[in-house]
Amino acid sequence: LKDFKRNITSYVKGIASGRISEEGRTSYAGEMYYFSERNPYRYDLCFTEDLVNEELMLNDLLMRILQHYTILGIDMNMLDFGVIMAEPGAPTGHWHQDMGDYIFPSSFYKSRVAGHDLPPFAVAVITPLLDVTMEHGPTEFCMGTSNLAGIDSLELEHIPMKDPKLQELRDEFLSCTERCCPAPAWRAPLLEFGDVLLFDYTLFHRGGSNNSPDLRSLIYNTYARPWYKDPNFSVTGREVHATESPLSRFSEPMQELMKNVRFAIPDEIKPEDPDVLANIQFDDLEKQKQFRDRHNELEEDEGEHGLVQFRVSNVDIDIEGLKACMRTEGDNVSCYAFHKGMDLEISAEAGTIIIIVAPGNKVIKSIRTHPKDWQGQIIVSSLNTKF
């Protein structure tokens, strides 16, 4: 994995330096092989065929899990693979599913919500390339929401629940004016370099804010049942092939696994100097900090005003008398009870400071609201709060 990270570092630095052309496409269609995720601090970069690592991707334990008949089955394919990067200063992302609405809605009516009569159709696998701390902004998950997939199109409140424990979560989820996660369902596992995390493609998740000085990066692979084609990427007008070159250099199991995979095809790749590659250090990727030159569109305009609306959620801080306070117009301070498991809907002017206050007026967390409603939902938990 360390050698693989060295090759990824060379790939990322090569694009940043111009050795590898920024222009290009993927093996699926004419789409760009990398893109910015909603803002110029986050990037999703598809890998080239040269970055295929058969030893890692055919890992025996991973294959035994994914190919089990209750997960994806023996005939599964890999759809795409690459690296997701968040530069220092990247704000918290928005809650989303990698796949939209549930693709078999009739099963809800047959087996009720959370009936689990059908196994997953796609699974995402992520591996961090550094030890992730809360300052790096770990991936956050909203547990139980894969059971609620299809909420947009199905009038979910009218469908009976097989698992009564999901009733409260469903009601909370439906109450969100924007996508958000009920506080009791929030999780943010702190993964170390080389850890592997698998999650259902319909599970709501988001990237945390990167408040560290490091470029946060993680490898992602998407595995799916052979009939599934990811609607996030265009395959219109052509049959899907891994690349326009044969995969003969790989083993037969690897060729079968990757026959529908999405590869990056940059317009030009100049050879890497072997001495440069040999001298890449383990933490050079983190030190890259900025993936590519661009105008920083997220610089705050000090003159920008206006109300932003978001939710502040207390996941697990159980302190009697805990309050969330904010300063309003005329320097008035408004405070609200903020007990464990509580969600507060807040409308405040950009730049407002919200403080979480324990008894004795002890401030345990301070939050500054941003313009453009970057955060959507702010999580307060024992992982990111000192008390």
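Which residue in β17 does isoleucine 355 stand opposite? In this predicted model, the partner of isoleucine 355 is serine 366. The two residues belong to a pair of strands worth a closer look. Strand β16 covers residues 353-358 and strand β17 covers residues 362-368; the two run antiparallel and are joined by six bridges. Three residues lie between the strands of this hairpin, and here glycine 360 takes a positive phi near 85°. A general point helps when looking at such strands: in a regular strand, side chains alternate between the two faces of the sheet.

The hairpin is one part of a longer chain. The protein has 387 residues, of which 50% count as buried, and its secondary structure comes to eight helices and 18 strands. How much of the contact network joins residues at least 24 apart, among contacts between residues at least 6 apart in sequence? The share is 80%. On the outside, the protein exposes about 18900 Å², with carbon and sulfur atoms supplying 49% of that area.

Aromatic rings offer a friendly way into the interior. A pair of such rings is described by how far apart the centres are and by the angle of the planes. Across the whole structure, 13 aromatic pairs are found. One of them is formed by phenylalanine 4 and phenylalanine 47, an edge-to-face pair with 6.0 Å centre to centre and 70° between the planes. Phenylalanine 4 lies in helix α1 (residues 2-17), while phenylalanine 47 lies in the loop between β3 (42-46) and α2 (54-57), so this pair ties together parts that are 43 residues apart in sequence. Are these two rings buried or exposed? Phenylalanine 4 counts as buried because its relative accessibility is 4%, and phenylalanine 47 is buried with a relative accessible area of 0%.

Phenylalanine 81 and phenylalanine 263 form another edge-to-face pair, at 5.5 Å centre to centre and with 80° between the planes. Phenylalanine 81 sits in strand β4 (residues 77-86) and phenylalanine 263 in the loop between α6 (252-257) and β11 (264-266), so the parts tied together here are 182 residues apart in sequence. Both phenylalanine 81 and phenylalanine 263 are buried. The two pairs also come together: Phe4, Phe47, Phe81 and Phe263 join Tyr11 in one aromatic cluster.

Another ring, that of phenylalanine 282, has charged company. The charged end of lysine 2 sits over this ring, 5.9 Å from its centre, and the charged end of lysine 5 sits over the ring of phenylalanine 282 at 3.9 Å from its centre.

Methods. Residues numbered from 1 in each chain as written. Heavy atoms only, no water. Pairing = 2+ DSSP bridges. Helix = DSSP H or I, 4+ residues; strand = E, 2+ residues; numbered from the N terminus. Buried < 20%, exposed > 50% of the residue type's maximum accessible area, 1.4 Å probe, protein only. Contact = heavy atoms within 4.5 Å. Areas by Shrake-Rupley, 256 points an atom, 1.4 Å probe, with all protein chains shown as cover. Phe/Tyr/Trp six-rings, centres within 6.5 Å; stacked < 30°, edge-to-face > 60°. Lys NZ or Arg CZ within 6 Å of the ring centre and 35° of its normal.
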